[in-house]
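Me: Pick one part of this model and take me through it closely, please. I'd like one connected account rather than a list.

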Amino acid sequence: MTRLLIVDDSPLMRKLLAGIFSDAGDFEVAVARSAAEALQQLSVFLPDVITLDIHMPGMDGLDCLDRIMVEHPCPVVMVSALTEEGATETLEALALGAVDFIAKPRGPISLGMDDITDVLIAKVRAASHARLPRTKRLTERVRLQAGQRKFAAPKPVAKSLRRRSGRRLVDIGAVVIGVSTGGPPALDRLLGTLPHDFPWPVLIAQHMPASFTGPLARRLDRGCALPVSEVTAPAVLTPGHIYVGRGDADLIVSKRGSAPMVMPAPPGNYLWHPSVERLVTSAADVLGPERLVGVLMTGMGTDGAQALAQVRAQGGHVVAQDEDSAVVWGMPGALVASDGADCVLPLDDIAPYLVGLALG
Amino acid sequence: MSIAIRDGVIMIAGHCPVEEAEMLLVALLENPGSGVDLSAATRLHMAVAQLLAAAKPPVVAAPRDAFLRDMLLPALFHLDQ
Amino acid sequence: MDELLEQFLLEGRDLIVEAHRALDVLALNPGDTAAVDSLFRATHTLKGSVALFDMAPAETVLHAAETRLVGVRRSGMSTDPELHAALVATIDQVDRWIDALEAGGLPDGAAGLGEQLSQALSSAEAVVHLPKREEEEDPAWLVQLRARAMLRNRLADATTAFRYTPDSDCFFRGDDPLSLIAAVPELIAVAIVPNTDWPSLETIDPFRCIVSIDGLSGAGIEAVQAAFRLVPDQIVIAPLGSSAHAPQRLMDFGAETTLRVDSNSLDRLARQAGELTVARSGLKTLAARADAIDSSLAQDLRRAEAAIEQASSALSHSISAIRRVSLAPTLRRMPRLARELAESLGKDIGFSLVGDSVRADKQIADMLFEPLLHLLRNAIDHGVETPEARIAAGKSAKAQVALQIAIEGDRLIATMSDDGRGIDPTLVRAGAVEKALIEADAALTLSDVQAQRLIFLPGFSTAAEVSTVSGRGVGMDAVLRAIERLQGTIDIHSEPGAGTRFHISLPVNAITTRLLTVVSGGTTYGLRLDQIVETTRIDADAITMVGQGQVCMIRDRVLPVMDLAQLLGQPGETSDIARLVVTEVTGESVALRVRALGERIDAMVRARSGLLASVPAVGGTSVLADGSVLIVLDLPELLA
């Protein structure tokens, strides 16, 4: 049984969530009406996983999350509104140590909510097994105690590529990254260590709702030496630019004449969006598989594993994030299981590996 | 795949969903001046239709589907544009 | 799941109460951040809750409300009266919908109402839903639709016309506009038109919808509406009657109807709203008096005054908006009149009219025609030369006369320009002296700009002959007076040989006027704030005599100083500190010296009447909060 603590000030929402998880059969559910009650429950109920509402009177969800991470580190899933504001708050929560987020359940109960409940249960179940990045949280806590909570992450110092004489940069087309649960902080870390003269474009499919990817791109941009932007219109693929696929849509590579383009596409027939499969397939079609470096990172499910295994078989480079550094080792695990990765690396080794490839 | 090139003609067949707009666009760009054969088309997404209206390629064969032939085709190629 | 519904009914109503409590606080103190936070939280939670039930319109409006509140919180600003009103309306409506849900479900038309409320929330202007236009004319889209090659021959068969403008982002939501079109009953013909010009294929974004679809159907309007029920915000539908003047009916929001109101009642309403504004400021005086007796009572009075001010300013705003009408009907005759005049005078004129669709207060629209027609006649008769004279002067035979109307802030700017012979200040001086309108030596002291303004003197006419067109006595003084009656100003920019431009500035709204009160010679006067450039105080020693007059330096500029009391026939000011009001109403800066500067007030200025009508320099009167009458000075006349 998974011990789940639901923290929400709305009795309606508590009732609804408690009903959904009790019906699932493998959850033991407790509820808290406020942040203060939640903190009391931590040492009594000893939850395996917590769902936490952001907007509560008194102590709000972010402050509560902060206390949880200090007093009783435990996987927390934020219950978020699918708004721009909700996205910004949620990204902040992920940076503070929350494992994942779920959209506040919505849609007429009378029409049945099975689609949503499946996702809710899958996400919370996955989160309950998540590894908490404790050490990272420690350094952040030090930073927090210095009194800078919001976006105070120091701009990481990324070393410039040292070009050794006689060796020139390998002409690879692009880096494609697929990532899901636990992605935002991991991307922050990876992109933050890429040098400003990194020579390839980087295309990212991070599973997310539409309203989240804009704030995510802006947040990543603040911590990265390379420009990061959300792809909202067709753009010519530019070296050294980082492209974040728009949420609830797909990201594809195409071309106009000889110029490779990156553009958003209406969501196709895939389970997750932006789809890693579709991004990798279109990039391989237009640029050629041998010119791709694929990276599959933390996240549940298997999106991207098949397409990347194919890229590897056709001469491209493929990296999987390792199990210890991934919050959920679903996608990279599936890639490794299908023998689709050239190497399996801890999060912190991925950027140096990419830089190494760039140096040839 | 409902968009194909055969003997220099862009063949648009069956039900063309939104994602085929990108394929049609690439086909139109790579085969400037070539005609389109719509005879086997049964349903076009607006994204596909607006590309035809923007490019106005010669129509080699009109659709057999009544809505596409009588309503859409004239609308795509009329003079108000 | 009935249990959840019960829970919702309880919780939802609690949240409504919480929201209203916060709104009550905000009514008194729009900047109360705790109330904004509490309102935001209630709205946010309510939005999350309604999303679980079959009440999508409630979710829509609450989302719009939440979005606005996020903006308010982020900017740290206060809720303005329009937003407050829209928020109250939203919460009330959600409350009614909760009742409806309990009784079985939301009524028909809830979606439309929701859209309307959301619009009101997102644009404060839309709080009062205005009738689209006065004339029973086809809206622009329908005019375009009727002209489309694909459609014009089929109009006779059609009962209903529609324009569907899909969101550019709609493909991403899974919409296919074409499949909606295919489902329109009894479709007759469609035209697919790009929203802007077609982009080149190289630059087109294939996943962005860039077209609108105009179409005709043989089915009734309800059936066509039903086909588009999922995209009410992207569709306009109109029935095609037997005549072109069939009343339009946009697919709008159930209960909304256009109400025709007698314009006199509207005038009365506006006057009463103005009186309310005046009555309100009475409370301010009361509060000041109460301060001496009981400061907490004074506090309460001030709060009550603020609440009334919010309500009354919202009321004035709404009335102003309702009173604004298009100038098009007023100006429609201008081009024709210009052609007829030019013909009768044997002149070759190109007349252009820009901005006739600008909207302005009804009073202005009604009264603007006469002065503009005068200016047009003057331009064609006196301003523009004969074709022969133009060719001799090296100009094109065809003269250009243009009337341009635009809104700048809360001013309506009308510019009548011609490329004729211009106004020669020397000739004007001579003419004015000859007609004994001014002494010869006084005429010589006038600057060129001042001299040109002499044409506004009664009885002045620059044309040597009396023409049938302009006539005698209907000179520029009538124009000036008409503009001033509308609380406007008129400037002349003229270059001899090159042309003349009359620049008229009028308020767009004409209900209350911003006044500055000043004291001069023991009496309080009102000056219109829009005639004042700045107020300042300087040492009286800094005012120096130059010839007959006084001047001072203000920010490196030398300005003539005139004593308001002396202008009004009383002894001048003698204090050590001179308080000055700078105005440019005559085309040049003048500093008016007054004894004291008072406060800025919103007041309704009545046109001068009765005894005062014959007193020059009195622009009108206003009743002050304490019941006394304030004389509002007419600076242009006073300084002329």
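Reply: Helices here are DSSP runs of H or I with at least four residues, strands are runs of E with at least two, and both are numbered from the N terminus. By that rule chain B has 3 helices and 6 strands, and along the sequence they go β-β-β-α-β-β-α-β-α. Bear in mind that this is a predicted model.

Sticking with chain B for a moment, 56% of its 81 residues are buried. Take the contacts in chain B with a separation of 6 or more: 58% of those join residues 24 or more positions apart. On the outside, chain B shows about 3300 Å² of accessible surface, with carbon and sulfur atoms accounting for 56% of that.

Now for the close look, at where chain C meets chain A. Chain C puts 31 residues into this contact and chain A puts in 33. About 2700 Å² gets buried between the two chains, 65% of it from carbon and sulfur atoms. As for polar pairings, 5 residue pairs make polar contact across the interface, both partners at pLDDT 80 or more. There's also 1 salt bridge between chain C and chain A: the side chains of A:Arg246 and C:Asp169 come together at 2.8 Å, N to O.

On the chain C side of that contact, α1 (2-28), α2 (33-50) and α3 (56-75) each chip in at least two residues. The largest share is 7 residues, and that's from α2(C). Sorted by class, the chain C side comes out at 13 nonpolar, 6 polar and 12 charged residues.

Definitions and conventions: Residues are numbered from 1 along each chain as its sequence is written. Chains are lettered from A and ligands numbered from 1 in the order in which they are written. This is a predicted model: local features need pLDDT of at least 70, side-chain atom pairs count only at pLDDT 80 or more; totals for chains, interfaces and linings use all residues. Side-chain values use heavy atoms; hydrogens and water are left out. Contact means heavy atoms within 4.5 Å. Buried area is the accessible area (1.4 Å probe) that two parts lose on being put together, summed over both. A salt bridge is a side-chain nitrogen of Lys or Arg within 4 Å of a carboxyl oxygen of Asp or Glu. A polar contact is a pair of N or O atoms within 3.5 Å; within protein, one must be able to donate a hydrogen and the other to accept it, and residues adjacent in sequence count only if both atoms are side-chain atoms. Ala, Val, Leu, Ile, Met, Phe, Trp, Tyr, Cys and Pro count as nonpolar, Asp, Glu, Lys and Arg as charged, and the others, Gly among them, as polar. Buried means under 20% relative accessible area, exposed over 50%, partly exposed in between (1.4 Å probe, protein chains only). Accessible areas come from the Shrake-Rupley method with a 1.4 Å probe; for residues, only the protein chains shown count as cover.
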